[in-house]
Amino acid sequence: MKDKTLMDPIYDWVPDYIDHHYIGEFLIKGKIKSMPFLNINSDKEEYLKYFNNCWLLTESLFASLKSKADFYQQPYHQLRHPLIFYYGHVAVLYINKSIVAGLITKEIDKNLEKILEVGVGEMTWDVDTKNNKIEWPELEAVIAYRKKAYQLIKEIILQNDELFNTKVNQNNPLWAILMSFEHERIHLETSSVIIRELDIKSVQYPKMFDRYSHINCTNKNPKIGVDYPKNELIKVKEIKVCIEKTDFSTYGWDNEYGLDKRVAESFDASKFLISNGEFFEFVKDSGYREDKFWCENGLKWRKFRNIFHPTFWVQDGPQGSNLYKLRTCFEIIDMQWSWPIIVNHFEAKAFCKYKSQKEDSYFRLPFEAEHKALGSYDKDFIKDNFDLTINFNLKNLSENSVDANYQNENGFFDVNGNVWQWLEDDFHPLNGFKIHNYYADFSTPCFDGEHKMIAGSSFFSTGNLASIYSRYHFKPHFFQHAGFRIVRSSIKNDPQLLIKFETKDPKTNVEYVVFEENGRLKIEEKITYEKRSN
């Protein structure tokens, strides 16, 4: 028989095996909340709370799928595995990394773990995953696996007192558990994007999440200053910035460690993120039909997808009528003109080129150093200043108005939170980057000159994703909860990014060289690099 607590209708969505002792920690008026970023030197009880919060957030999100069949649906582009993969994958990584760290000695289910170990990155817009021959496990088998994994991880935390008796660092086996926590939170967000891309018929609003607020809007021809705020440029004086993780009390991925000192020369940046209303001008002026606004690869992608408006704008009239509604993660609502536009990197760059031509100036996306220059912070909001009005950590289950959240001391809104912001930079390591032996291929495969950086976190970002130190990246045609702000500057290339340094995989002792070649970032084994250099 279920515990009385679990018999309460508020808890009827919680799987029987999950320790109900912690559920009340995450619920406010029956709705689940995300915890602040975990201090890695916390005690076992805090680790258990954070673990249960991660696990329950995943269960909460996947409860938005209407039926068993919807776990096996792929988004329209067919570039991602069905969601059954991600539902099991996060549990598998806990087990795999615990084995790597020596916390356990054997697998739970080798066959299932092999199927669910590695995902398909969206590496090109014409990758065909719909014809792959993977025989996905039954939902019941994945649920059974998740149950065993949950119990095993819980036991690891409970039974290894010695791991909590010393200060936790990257060499402590607990790092594998912390890694698994934050990996699950990454997939919590990316799975929410995939759900946003599914047919709305497959999705329902998950009852354990708060509903977000939005306005009823019948205005199909938005007016600046009425339906969305007038954006303006704010000057940022030349400033030296340090890109490094300075708080060692929280988990960080390998690419956050190291140090780059850069100079952000004087530039102007938009006060707000670009809103749906602002982007509508680009759509209305046939921006998706004018080849001149698109880079070569962006044009190929646009033509391949045959699109004429942003992906999450839902056509609400005949083609060419410019009548739209908005797709959120779980429903279709009236267009919210004051909310930030969500697009990929190609679309953001096309808008910049359109605006440059329209205003006879030069607009682009910010570089990483410039994003840092928008505001300097001594504390990490997700850990320390948790009361700020930042739209992150599932406080709101959608983006909201670009002028509704925290405005920093320099006058900028949403430097952190609301939606991620595309940057000009290719994803790159910081000087002194070191590969971590628990997850050697987390960052290095993406130091390829083909992944663009995003910064600032989104409404669905939790834990490390919402940290001011986070450094993430995606292919330019990838969709995340990501938009952009614009920069006006005379600088078209970042002169500060000159990379050549060595690193080592601590697990294999293989030495690597990170370097730039023909404007592209590369990483090669040192012995190979020296041969080609000679």
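## Burial and overall shape

In this predicted model, 59% of the 534 residues of the protein chain count as buried. The accessible surface comes to about 22500 Å², and carbon and sulfur atoms hold 47% of that.

How does the radius of gyration sit against the value for a compact globule? For a chain with 534 residues the rule gives a value near 24 Å, and this one comes in at 23 Å, so the two agree. Taken along the principal axes, the C-alpha atoms fill a box of roughly 65 × 65 × 50 Å. Contacts tell you about the sequence range too: among those with a separation of 6 or more, 76% link residues 24 or more positions apart.

## Helices, strands and one open sheet

DSSP-wise, the protein chain has 12 helices and 18 strands. One piece worth picking out is an open sheet of 4 strands, ordered β3-β6-β15-β10, with antiparallel pairing. Its edges are β3 (233–236) and β10 (363–364), each of which pairs on one side only.

Further in, β6 (residues 267–270) and β15 (residues 487–488) are joined by 2 bridges in the antiparallel sense. If you want a spot to zoom in on, try aspartate 268, whose bridge partner in β15 is arginine 488.

## The nonpolar cores

As a rule, nonpolar side chains in soluble globular proteins tend to be buried together. Here the largest nonpolar core takes in 149 residues, and the members touching the most others are Tyr47, Phe181, Phe279, Trp313 and Phe484. Which helix gives the most to this core? That's α7 (residues 174–197), which puts in 11 residues.

Phenylalanine 279 makes a good viewpoint. Setting aside neighbours within four places in sequence, Phe279 is in contact with Ile274, Tyr288, Pro310, Trp313, Ile341, Val343, Glu347, Phe351 and Phe484. Two of those partners, Trp313 and Phe484, also appear in the list of residues that touch the most other core members. Apart from the largest core lies another, made of 8 residues, including Leu423, Phe433, Met453 and Ala455.

## Cysteines without disulfides

The disulfide count is 0. Why does cysteine 446 have no bond to cysteine 295? The closest cysteine sulfur to that of cysteine 446 is the one in cysteine 295, and because it is 19 Å away, it is too far for a bond.

Cysteine 446 is also tucked inside: its relative accessible area is 12%, so it counts as buried, the cut-off being under 20%. Cysteine 217 is buried as well, because its relative accessibility is 9%.

Definitions and conventions
Residues numbered from 1 in each chain as written. Predicted model: local features only at pLDDT ≥ 70, side-chain atom pairs only at ≥ 80, totals over all residues. Heavy atoms only, no water. Core = buried A, V, L, I, M, F, W, Y, C linked by side-chain atoms within 4.5 Å. Buried < 20%, exposed > 50% of the residue type's maximum accessible area, 1.4 Å probe, protein only. Contact = heavy atoms within 4.5 Å. Disulfide = S-S within 2.5 Å. Rg over C-alpha atoms; globule rule 2.2 N^0.38 Å. Areas by Shrake-Rupley, 256 points an atom, 1.4 Å probe, with all protein chains shown as cover. Pairing = 2+ DSSP bridges.
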